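Please open the structure in your viewer and keep the selection tool at hand. The tour proceeds in short stops, each with something to select.

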Amino acid sequence: NVGMEPKQCDSLLRALMHRAEHSRPVLDLFAYVTEGVLHDPNSPMRNDELYIPILEVLVESPLYDEYDRIAPAYDLELARQNRIGNVANDIVYTLASGKTGRLHSIDADYVILMFSNPGCPMCREIIEEIGASPLINEMMENDLIEVLAIYPDEDLEAWRDHIGDIPQSWINGYDDGMRITQERSYNLQAIPSLYLLDSEKRVIIKDGTSVAQIENAIAYFE
């Protein structure tokens, strides 16, 4: 329901899940459908905040045994990372020069955090959209916003081959040792993935793919 408050959505989803618990087949079906809608990386309705109450019911359900709970427990751990309104997990990034930096050390009113892969067509589209945004570019010129692009995988040769894909005005780094993946500090199921953070690195937008959404959020807070 578009007009529903977050707490109302949470309560409604929990109520539906508890009703589904009267039957294991019904619970399994509800879990399958909601995973496809709220968790699948290709779903336009992907939303961790709505998926969390469903996962919490699944991991606590008496209809599930220890083995059944492994997958939802794993997804729940990831979904609870970097929730909207919370401070984002810090990231240590490495530049092409070998110099390192930290996400939390970036001094700006806003930070756009983008996880990308070299040669990714959708990543290229988002890069072009950010580059074409009058609002974002004006804010960059006034040192009000920084864009941090992070490559989270291990093929550094491919990353170096595509360094030119990232604008020089951005911070372009990689995750040395793939610590983000190992520590599961961010959900990298879908790439590209955009986060908008405020000056205190609190999450305004989580795991987005829309530059327009970022522009609207900045305009709202400004």
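Begin with the cysteines: this predicted model holds 0 disulfides. A disulfide is a covalent bond between the sulfur atoms of two cysteines. Select Cys120 next; this residue counts as buried because its relative accessibility is 15%, and buried means under 20%. Then select Cys123, which also counts as buried, because its relative accessibility is 2%.

Cys123 leads to the next stop, helix α5, which comprises residues 121-131. Which residues of this helix are buried? Select Cys123, Ile126, Ile127 and Ile130, for these are buried in α5. Viewed around the helix axis, they cover an arc of only 105 degrees, so they lie on the same side of α5. Now select Pro121 and Glu128: both are exposed, on the other side of the helix.

What do the buried residues of α5 pack against? Display the strands β3 (110-115) and β6 (193-198), together with the helices α6 (134-141) and α9 (211-221); the buried residues of α5 pack against these four elements.

For the last stop, turn to the surface. Select Leu29, Tyr32, Val33, Val37 and Met45, which form a nonpolar patch there. Together these residues have about 520 Å² of accessible area. Within this selection, pick out Val37, which is located in helix α2 (residues 24-38). Is Val37 buried, partly exposed or exposed? Val37 counts as partly exposed because its relative accessibility is 31%, and this class lies between under 20% for buried and over 50% for exposed.

Terms used
Residues are numbered from 1 along each chain as its sequence is written. This is a predicted model: local features need pLDDT of at least 70, side-chain atom pairs count only at pLDDT 80 or more; totals for chains, interfaces and linings use all residues. Side-chain values use heavy atoms; hydrogens and water are left out. Patches are made of residues with over 30% relative accessible area and no salt bridge: like charges are joined within 9 Å, nonpolar side chains (Val, Leu, Ile, Met, Phe, Trp, Tyr) within 5 Å. Accessible areas come from the Shrake-Rupley method with a 1.4 Å probe; for residues, only the protein chains shown count as cover. A salt bridge is a side-chain nitrogen of Lys or Arg within 4 Å of a carboxyl oxygen of Asp or Glu. Helices (H or I, at least four residues) and strands (E, at least two) are DSSP runs, numbered from the N terminus. Buried means under 20% relative accessible area, exposed over 50%, partly exposed in between (1.4 Å probe, protein chains only). The arc is that of the directions from the helix axis to the C-beta atoms. Contact means heavy atoms within 4.5 Å. A disulfide is a pair of cysteine sulfur atoms within 2.5 Å.
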